Structure formats: structure tokens, C-alpha cells
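Got your viewer open? Let's take a walk through this one, one selection at a time.

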Amino acid sequence: MAGHPWVFGNELGDSEGTAEPGDIVELYSSGGSFVGKGYYNPASQIRIRLLSRRKDEIIDDNFFYKRISQAWEYRKQIGYVENCRLIFGEGDMLPALIIDKFNDYFVIQTLALGMEKWKGAIVSALQKIFKPKGIYERNDVSVRTLEGMEQIKGFLSEPFDTNIIINENGLKFHVDIENGQKTGYFLDQQDNRRAIQHIVKGADVLEAFCYTGTFSLHAAQYGAKSVLGLDISDTAVATARRNAELNNYSDICKFEAVNAFDFLKQSVKDGKRYDVVMLDPPAFTKSRENIQKAVTGYKEINLRGMKLTKPGGFLVTASCTNLVPPDMFLKTIADAAKDAHRTLRQVCWQTQSSDHPILWNVPTTQYLKFLIVQVL
Ligand code: SAH
């Protein structure tokens, strides 16, 4: 599907016929040629999101079954079996639909009215393709209000125990589908967690913004001597500790519920040093107006992270908002290095795992930045 699938209100001219909010409509160019079909919402700034560029393609239950089947075939082809983001919205030509697969369990988000209307078809398709043990909706997301929808969560299948355990890279992790952050677990870092394999051997590691301790436990698995993980959320830290127990790494991995900004600042003051510092903060901004605030946040934690890294040690750092593009992120890290009087040597520079496909015609599908540098 070439071109961007979103059409804004101010880009639209005349309309013919009537459409209810969420209905499928056809889009034509000013010259009268067919552009595509998609769903419509007059209450949203994004007035139409295209689902198909083919005039003869009918948008019905079977359409969703086909798209979801294709997405699953693609995931298997590129090597994801047990856990994956099965549907990554625009990246799978299903705008505003997110489906995470945690083995036999599925978590869904329908973030636009036009997609919400097909929720039944989507659930039936999952039932048919996977015969899942459970399907849950995590539509407790604020963007839904921009589409005039309520925030809700709950079962879309027979109720089941929403505390599950998944396997990743030979480790086990508790996932709380009902109350965890976002869909419960950050699958987008699953490949990046493997990228720390060689730099953590025998290392003393600090991980700030650790959520349920996934990077920390990978560090332990790859031979770290000690790991300290920090998160501001008590429940995240409690789960991180349970994850350490589950994998028999409670001796190596310790977790503390603290504000990482304060902790990093104090540790620099105290002259602490680590072999490896890992930072995976939240988005810091949700709007274009606040990008500078996000950059300031990234600069601060990375500057402190570098100061806490022993000469020759490693900084592992990430940014998860598409509002800060890769070049802006790298420049922020370079600025921090300058202020810290440290030289950086790049080890690894990558993006989200490839079960979150990047479409070159939809730049926002690339959102994660993941960098490992040696701090000289
Ligand atoms: N690396 C994790 C994901 C981290 S998400 C993983 O791969 O699973 C960002 C985390 O930062 C969230 O768990 C959030 O609770 C935490 N957080 C947000 N602000 C914080 C702060 N000021 N100090 C410490 N943790 C914070």
C-alpha cells in the first residue's frame, strides 16, 4: 500500500452520500480516480484511515481474517513463534489495531472508532486461527477519547487467569495482562535484550526504568556479577523481584522502588561506578509541543548514566517515542557525552524488534531507538 494511510479533515473536498461515524467509505482524488477505502470518523482529526487500495476488496469479516492470517504468517517467517506483536497497526495495514500474542493468550487494543466496530470480527478471526486460551482487551488508553470512545478493559473470551508466565530468550517472565503497563509486557525490546549478551559478563550493572526487570534478568543470565534495577512503580518492582525468583537469580538481581532521576543524581554525587548502565525510560512526552521536555529528560539521565559508567564500560540506552526521531536522539546522547567529557564508541544501534514492522511510507511506525555505546 503506497502512500500514507491517514487522511486529515482539511485534506478532504466534496463528499457524496451519507456515512455514519466508523463506516467504511471510498476515497477519490480530485481528478476522480480511486485512492482507497477505509473507515471514517468525523469526530477525529484523522478523518479517514485507509484499509485497502483495491476497489474490488470488500471490507468484511473475512477481510480481517485474511489480514490477521497474513500477519501471523509473516511473524512465523521472520522467526517469532511464542510471543509477538501479531498486529502492529499501520505496519500491518490495519490502522489503530494492536494485538499482542503471549503464547496462547491475546491482548487487543482498538484505538479508533472504525476499528472498534470490527472488534467482533477480529476476535472471531483469532478464535479461528489460534484457538486461544484467552483474549483480553486493554482499551484503557487515553487516545480513545480523541475518537469519542470510552476507556475500557475486560475479557473478550471466557474469563481466564490474567497472570500468565511467558518464555523469552530462555528466561521466564510474569505478565499481568489485566493490570500491567500497556498490554502487560514490552515485546518491542525482545531482540534488544539479547544485544547485551557480551557486555555484561562479570559486570556490576545498574538498570534504571526497569519495569518488571526484563533487561536485568537478561544481564544475570548472560553472566553479570550484580544487577540493581530501579523503577518508580511499586508493583513493577514487586513483579521484578518475583521474576528474579522465578529464574533463580534473586542473589544477583536486586530491585528498588525509587525515582530514577533522584537516584542517578545522588549516585553521581556519591561517586558510584558501574560496568554497565542501562536506561529505558518512558516516552516523557505525548505531544509535539513537549519534545524539548523529552530531550531535556533524555539528556539528563544519559549524562548521569555516562558519569556512572567506569571508563571502558557500557551505556545501554533507549527511547520509545516516535516524536523524538533517531537523529535527534543521537544528538542528545552526543551532547550528554560532551558535557560528561567522555568519548563514545558505538557498539549497537537498532530499533524495535521486527515483529513491529516499519513501513517506509509511514515514518511513525519506526519509534524505538536502542543504542549501546562504550563509554571511554
Ligand atoms: N525496560 C522495560 C520497559 C521500561 S518502561 C522493559 O523492557 O520491560 C519505563 C518504566 O519507567 C516504567 O516501568 C515506569 O514505571 C518507569 N518510570 C517512569 N518514570 C520513572 C522515574 N522517574 N523513575 C523510575 N522509573 C520510572
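Start by selecting α5 (214-221) and α7 (260-269): each of these helices supplies at least two residues of the shell around the ligand. Keep in mind as you click around that this is a predicted model.

Now show the whole shell. What classes of residue make up the shell around the ligand? You'll find 10 nonpolar, 4 polar and 3 charged residues there. Of those 17 residues around the ligand, pick out Gln181, Arg193, Asp231, Ala260 and Asp280, since they are the ones that come nearest.

Next, zoom in on the nitrogen atoms of the ligand. Select Ala260 first: a polar backbone atom of Ala260 is 2.8 Å from a ligand nitrogen. Then try Asn259, where an N or O atom in the side chain lies 3.0 Å from a nitrogen of the ligand. Add Ile232 too; here a polar backbone atom is 3.0 Å from a ligand nitrogen. How much of the ligand does the protein bury? Taken alone, the ligand exposes 580 Å², and the protein buries 90% of that.

Last stop: go back to α7 and add helix α8 (residues 291-307). The two pack at an angle of about 35°, with their axes 9 Å apart, and α7 passes α8 in a left-handed crossing. To see the contact itself, show the side chains of Phe261, Leu264, Lys265 and Val268 on α7, then display Gly297, Glu300, Ile301, Arg304 and Lys307 on α8. Color them by class and you'll get 4 nonpolar, 1 polar and 4 charged residues in the contact of α7 with α8.

Definitions and conventions: Residues numbered from 1 in each chain as written. Predicted model: local features only at pLDDT ≥ 70, side-chain atom pairs only at ≥ 80, totals over all residues. Heavy atoms only, no water. Near = heavy atom within 4 Å. Polar contact = N/O pair within 3.5 Å; in protein donor to acceptor, adjacent residues only side chain to side chain. Areas by Shrake-Rupley, 256 points an atom, 1.4 Å probe, with all protein chains shown as cover. Helix = DSSP H or I, 4+ residues; strand = E, 2+ residues; numbered from the N terminus. Nonpolar A, V, L, I, M, F, W, Y, C, P; charged D, E, K, R; others polar. Axes fitted to C-alpha atoms, helices over the stretch in contact; angles between N-to-C directions. Left-handed = near helix turned anticlockwise from the far one by under 90°. Contact = heavy atoms within 4.5 Å.
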